[in-house]
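Here is a report on one protein chain, written to be read beside its sequence and coordinates. Keep the viewer open while reading.

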Amino acid sequence: MADAIDLTSPKAVAAAAFACLDLTELGDAATEEATLALVDKATNGHGSSAAVCIWPRFVAAARNRLGNASPVRIATVVNFPSGDLPVGEVVAETSRAVTDGADEIDLVIPWKAFAAGDEQAVRTMIRAVRAAAPAPVTLKTILETGELKDPALIARASDIALEEQADFIKTSTGKVAVNATLEAARIMLEAIRRSGQKAGFKPAGGIRTVDDARAYFALCEEIMGPGWVAPETFRFGASGLLADILATLEDRSTSVGKGETY
């Protein structure tokens, strides 16, 4: 277990949030230049973010920029954002990403099929991608909780993903109207606790401030216990959060909530 975060200290929360941040560039107009600029922001005088989360087409360039000794991991997305690509296509996308140097795969489950009652579609997809990205590659499953809506569906999707050996369950793509919420987070964290597995949780989309981060950390401590939060078990999927983290650590004011966050 990691040390418990001092939730009364904005700087302690900001430092922990940076260490658990998947700094993200998944804009529709993303370029290699912008992606590499993001990669460069992942390490600064305050340490390193946990990962960068980028489009598959930029993984090789990011690996070349980071090298093999960097503490910053490279995450990429597959079956993204729709969640309804054929399994074979997603497996091929996954295999290419791993070959190009991805450390982590963020997979959108076929949530539309799942919402229509097809649990097997979710199991088949996760099993196939898990086989294409075996350990030590980290597999995160995106449930698109804002579209599932029903707490029972969110809980069931969480259970299935964990049963199929996902390393993390993640709320959202950031591409829909409702993304990460504390309500969905509670359901997903309770599923992790119920499973007894060493699995992680990643809220993504709409998390922009250190105060937002504190709320998620507090929920994790309530459900999973103090010291559970660490990069191995918790990530934020965000781009806009970095500005407020740095402003807090450097005693600056900032305007947050602008631009895309995923």
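The report starts with the sheet, moves to the helices and the core, and ends with the backbone exceptions.

**The sheet**

The model is predicted. Its open sheet is built from eight strands, and their pairing is parallel. The order across the sheet is β9-β8-β7-β6-β5-β4-β1-β10. At the edges sit β9 (200-202) and β10 (236-238), and each of them pairs on one side only. Neighbouring strands are turned by 25° against each other on average, direction ignored.

The table lists three of the strand pairs.

| Strand pair | Sense | Bridges | A bridge partner pair |
|---|---|---|---|
| β6 (104-108) and β7 (138-142) | parallel | five | E104 and T138 |
| β1 and β10 | parallel | three | L21 and F236 |
| β1 and β4 (51-54) | parallel | four | E25 and I54 |

Strand β1 deserves its own look. Five of its five residues are buried, so β1 is largely enclosed by the rest of the structure. Its side chains point two ways: L21, L23 and E25 go one way, D22 and T24 the other. Charged or not, all of these residues are buried.

**Helices around the sheet**

Helix α9 (residues 182-195) lies across β8 (168-170) and β9. It runs at about 165° to β9. The loop between α9 and β9 holds K198. K198 is exposed, with a relative accessible area of 76%. Its C-alpha is 17 Å from that of I142, and the two residues are 56 apart in sequence.

Helix α3 (residues 59-66) has V59, A61, A62, R63 and L66 buried. These buried residues pack against α2, β4, β5 (73-78) and α4 (87-100). After α3 comes G67, with a positive phi near 75°.

Helices α6 (residues 119-132) and α8 (residues 151-163) pack against each other at an angle of about 35°. Their axes are 9 Å apart. The crossing is right-handed. From α6, the contact uses E119, V122, R123 and I126. From α8, it uses R156, I160, A161 and E163. What kinds of residue make up this contact of α6 with α8? They divide into four nonpolar, no polar and four charged.

**The enclosed helix α11**

Now turn to α11 (residues 241-249). Eight of its nine residues are buried, so this helix is largely enclosed by the rest of the structure. The buried residues are L241, L242, D244, I245, L246, A247, T248 and L249. Their packing partners are α1 (10-19), β1 (21-25), α2 (32-41), β2 (43-44), α10 and β10. Strand β1, itself largely enclosed, is thus named among the partners of α11.

**The nonpolar core**

In soluble globular proteins, nonpolar side chains tend to be buried together. Here the largest nonpolar core has 85 residues. Which residues have the most contacts inside this core? They are F217, F234 and F236. Helix α10 (residues 210-224) gives the largest share of the core, eight residues.

F234 shows how such a residue is surrounded. Leaving out residues up to four places away in sequence, F234 touches C20, F168, F201, P203, Y216, F217, C220, W228 and V229. One of these, F217, is itself listed with F234 for the most contacts inside the core. F236, the third on that list, is the bridge partner of L21.

**Backbone exceptions**

Most residues other than glycine have a negative phi, and most peptide bonds are trans. A few places in this model depart from that.

Two are cis peptide bonds. One joins F80 and P81, with omega about -5°. P81 lies in the loop between β5 and α4. The other runs from A135 to P136, with omega near 15°. P136 sits in the loop between α6 and β7.

Two more are positive phi values outside glycine. Q165 has a phi near 75°. This residue is in the loop between α8 and β8, and at 47% relative accessibility Q165 counts as partly exposed. D251 has a phi near 55°. D251 is found in the segment after α11. Is D251 buried or exposed? At 63% relative accessibility, D251 is exposed.

Key
Residues numbered from 1 in each chain as written. Predicted model: local features only at pLDDT ≥ 70, side-chain atom pairs only at ≥ 80, totals over all residues. Heavy atoms only, no water. Core = buried A, V, L, I, M, F, W, Y, C linked by side-chain atoms within 4.5 Å. Buried < 20%, exposed > 50% of the residue type's maximum accessible area, 1.4 Å probe, protein only. Contact = heavy atoms within 4.5 Å. Pairing = 2+ DSSP bridges. Axes fitted to C-alpha atoms, helices over the stretch in contact; angles between N-to-C directions. Left-handed = near helix turned anticlockwise from the far one by under 90°. Nonpolar A, V, L, I, M, F, W, Y, C, P; charged D, E, K, R; others polar.
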